[in-house]
Structures are given as C-alpha cells and as structure tokens.
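User: I've got a model open and I'd like to go through the labels people put on it. Can you walk me through the reasoning behind each one?

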Amino acid sequence: MRRTRLLLSMGFVVLLSLAFLITRTDAQPNTIKQIAPGVWFREGDLEHQGHCNNIIIEMKDYLIVVDANFPSGARAAMADAKKISSKPVKYVFDTHHHGDHAYGNAVWTQAGAMTIAYQGVADEMKRYEPARWKASEKERKDVADMKQPGPQPPQQTFTDSPHVITDGTRRVEFRFFGWAHTRGDGFVYLPQERVLCTGDAVANGPYNFTGDGNIGNWPKVVDGALKLNVDHVLPGHGPAGGREVLVGQRAFMLELHNAVQAAIKAGKKVDDLVKSQDGKQLAQLQLPDSVKNWVGPSLPDQIKDAYNEITNKKPAGDLPH
Ligand SMILES: [Zn+2]
Ligand SMILES: [Zn+2]
C-alpha cells in the first residue's frame with residue numbers, strides 16, 4: 001500500500017478516482033470558465049493527466065496564476081492564459097508542495113514568471129524532496145523530461161498573512177490558516193470579487209489526500225476560510241462551487257475524525273475499521289450521506305490516517321509515511 005500512498009501524495013489519484021470521475025457529470029476538465037470579470041477557473045484533467053485546477057487572475061499589466069500544476073499542466077494553463085489575455089504571467093502562487101501543484105514551477109520561471117508561496121511550502125519541499133520527484137520521474141514523462149535533480153522551490157516566500165498584492169485595480173490576498181492538507185496550505189482571496197482559491201485544503205469531490213495532513217486541525221483551517229466573505233470557491237480539484245463547498249469539506253473532516261474517534265473508544269482496532277479483501281481495502285465505517293460528495297476510493301487510507309493520528313496524538317503528516 002505504501003506505493004499507492006506515495007503516488008497519491010504526488011497527485012496520481014488517477015486510477016483510484018477513475019470510477020468516481022466517470023460517474024461525475026459535473027467535471028469539465030480542460031475547460032476555462034470566467035468566474036468574475038478578469039478571474040478564470042481552469043479545471044485540470046485529473047483523470048487522465050493528474051492535473052490540478054488553475055485560476056488565472058488579470059491585473060492591470062500582468063496575470064497571476066494560482067498553482068504551477070505538473071509540467072504538462074503548466075503548459076496547458078499557459079496556453080489558455082495566452083488565449084485569455086496578452087498580458088504576461090508575473091506571479092505563480094504554489095498553494096502547496098505537491099507535484100500536481102508545484103512540479104511545473106520551472107516551466108513558468110523559464111517563461112519569465114516568478115513563483116511565490118508560503119514559507120511552509122518551501123519547508124515541506126525540503127522535507128519530502130527530491131525523493132518524490134525521483135519517484136514521479138519514473139511515472140511521468142513530463143517530469144522526467146524536465147531533467148532536474150528535484151522540484152524547483154518557489155523563488156519568493158513569505159510568512160505574513162494576509163500577504164497582499166494590489167495594483168489599484170484589484171486586491172489579491174494570500175492567506176494562511178494553518179495545517180490541513182499540508183503544513184504550507186496557502187489560499188488566495190479576492191475580497192472585492194468574493195472569490196477564494198483553496199488549493200487541496202478544500203476539494204469539491206472525493207479528492208482529500210490526508211497522508212501529509214492534520215485531520216484534527218483541518219476543520220479549524222476551513223473555519224478560517226469561512227470567516228471570509230466568499231461567494232465563489234475554486235478548489236484544487238473538482239468543479240468550482242460556492243460557500244457550500246467549504247461547509248461540506250469542513251463537515252467531512254469532522255465526521256471522519258469523530259467516527260474514527262468513536263470507534264477507538266468502542267475498542268476497535270485499525271484492522272476492524274479497514275479490512276483487506278482480494279488485495280483491496282474496504283472501509284468498515286460509514287459516514288453520513290451529507291458528506292458523500294467527499295467520500296470515495298481514498299476513504300480506507302483516510303480512516304487509517306485518522307486512526308494513527310488519534311492513537312499517536314500527532315498529526316498524520318508528522319508520523320512516518
Ligand atoms: Zn492536488
Ligand atoms: Zn495536494
């Protein structure tokens with residue numbers, strides 16, 4: 001199972017998510033949708049290429065892109081940005097260190113953009129890399145073709161929140177609410193347009209990878225996002241939505257944590273909560289229907305991470321993995 005976990009951590013949710021994506025009729029990979037004047041949402045092709053979503057924000061003289069994507073996703077997003085505007089991409093914000101959000105950094109910087117992120121993103125890269133990059137090279141041609149010893153770290157990092165970029169036409173706030181999906185989870189908030197880009201701290205669908213995460217703290221991070229005035233939620237994976245995506249994401253993590261905690265109190269062991277059958281893992285816990293949008297093939301791993309987190313009294317991402 002370690003192999004699957006590593007692949008998942010790099011954004012290869014492809015095979016495991018396949019069954020779900022086929023049944024999801026709202027997924028529109030490789031399409032661009034205008035969310036507000038000068039703000040576009042590009043849904044990445046997760047199923048076939050492992051890509052994350054991108055957001056393109058138009059400023060007076062330049063563009064800001066949210067997430068670098070994998071190298072092939074970076075090129076696809078760059079081509080779409082050129083269709084939208086002749087302005088150059090000045091900043092690319094890595095919401096976190098995962099390959100599907102940051103491995104395309106060098107594609108953008110070679111084209112003249114500056115990559116920026118919270119300090120926590122650079123720290124996570126130091127913690128996990130270049131091991132994951134090297135594993136990814138074996139699975140992905142676009143990563144291998146970069147011929148790099150490891151991922152290019154964000155060129156500029158900061159620790160203040162909000163970290164504001166404004167040019168008189170638009171205010172863009174980079175925000176940090178704590179450790180949910182990774183230690184470096186960055187959000188991008190446009191207060192005038194009431195748009196929030198969440199990275200993978202908030203997904204719209206069964207795409208939560210908890211291996212590097214902090215399940216117990218996850219709802220508190222979403223609480224921070226819920227305090228903002230938000231009409232449009234643009235997640236790292238899955239379609240764009242409204243405030244209900246934040247509410248549902250928060251509820252899923254809370255329900256997961258509570259269900260596992262109750263099972264532990266009832267004397268259950270991890271093997272009681274996830275059974276192996278014919279090489280497959282089967283979750284023995286049911287979460288309420290209200291959070292079913294977030295329940296999918298990763299549930300057995302999410303249950304194990306929650307179990308380990310609670311019994312070790314440490315975030316899942318702090319445990320050996
Ligand atoms: Zn992702
Ligand atoms: Zn991620």
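**The two zinc sites**

Analyst: Sure, starting with a metal site. In this predicted model, the zinc ion (ligand 2) takes its protein donors from His96 (NE2), His98 (ND1), His181 (NE2) and Asp200 (OD), which lie 2.1 to 2.3 Å from it. Along the chain, those donor residues follow the spacing H-x1-H-x82-H-x18-D.

User: What makes those atoms donors of the zinc ion (ligand 2)?

Analyst: The cut-off is 2.8 Å for N, O and S atoms around a metal such as this one. The atoms from His96, His98, His181 and Asp200 lie at 2.1 to 2.3 Å, so they count as donors.

User: And why is the arrangement around the zinc ion (ligand 2) called irregular?

Analyst: Check the angles. Tetrahedral needs all of them between 85 and 135 degrees. Here the four donor atoms subtend 88 to 171 degrees, and the upper end breaks that limit, so the label is irregular. For reference, the ideal tetrahedral angle is 109.5 degrees.

User: What about the zinc ion (ligand 1): which residues coordinate the metal there?

Analyst: Asp100 (OD), His101 (NE2), Asp200 (OD) and His237 (NE2) do, at 2.1 to 2.2 Å. Their spacing in sequence reads D-H-x98-D-x36-H. The angles run from 85 to 160 degrees, which makes this arrangement irregular as well. The pair Asp200 and His237 ties together parts that are 37 residues apart in sequence, because Asp200 lies in the loop between S11 and H10 and His237 in the loop between S12 and H11.

User: What makes Asp200 a bridge?

Analyst: Asp200 is on both donor lists, the one for the zinc ion (ligand 1) and the one for the zinc ion (ligand 2). The two ions it bridges lie 3.5 Å apart.

**Burial**

User: How do you know whether His96 is buried or exposed?

Analyst: Buried means under 20% relative accessible area. His96 has 1%, so it counts as buried. His181, also at 1%, is buried too. Asp200 and His237 are buried as well.

User: Why does Gly178 get its burial label?

Analyst: Gly178 comes out at 13%, which is under the 20% limit, so it counts as buried. Gly178 is in the loop between S9 and S10. Leaving out residues up to four places away in sequence, it touches Asp185, Asn217 and Val221.

User: Why is helix H10 described as largely enclosed?

Analyst: Count the residues: seven of the nine in H10 (residues 218–226) are buried, so the rest of the structure largely encloses it. The buried ones are Trp218, Pro219, Val221, Val222, Gly224, Ala225 and Leu226. They pack against S10, S11 and helix H11 (243–265).

**The sheet**

User: How do you know that S10 and S11 pair?

Analyst: Pairing takes at least two bridges. Strand S10 (residues 186–190) and strand S11 (residues 195–199) are joined by three, so they qualify, and they run antiparallel. Within this pair, Tyr189 stands opposite Leu196 in S11.

User: Which sheet is that part of, and what makes S8 and S12 its edges?

Analyst: It's an open sheet of five strands in the order S8-S9-S10-S11-S12, with mixed pairing. S8 (163–166) and S12 (232–235) each have a single partner strand, so one side of each is left without a neighbour in the sheet. On average, neighbouring strands here are turned by 20 degrees against each other, direction ignored.

Terms used: Residues numbered from 1 in each chain as written. Chains lettered and ligands numbered in written order. Predicted model: local features only at pLDDT ≥ 70, side-chain atom pairs only at ≥ 80, totals over all residues. Heavy atoms only, no water. Helix = DSSP H or I, 4+ residues; strand = E, 2+ residues; numbered from the N terminus. Axes fitted to C-alpha atoms, helices over the stretch in contact; angles between N-to-C directions. Donors = N, O, S within 2.8 Å, 3.2 Å for Na, K, Ca; no water. Tetrahedral: all angles 85-135°; square planar, octahedral: opposite > 155°, others 65-115°. Buried < 20%, exposed > 50% of the residue type's maximum accessible area, 1.4 Å probe, protein only. Contact = heavy atoms within 4.5 Å.
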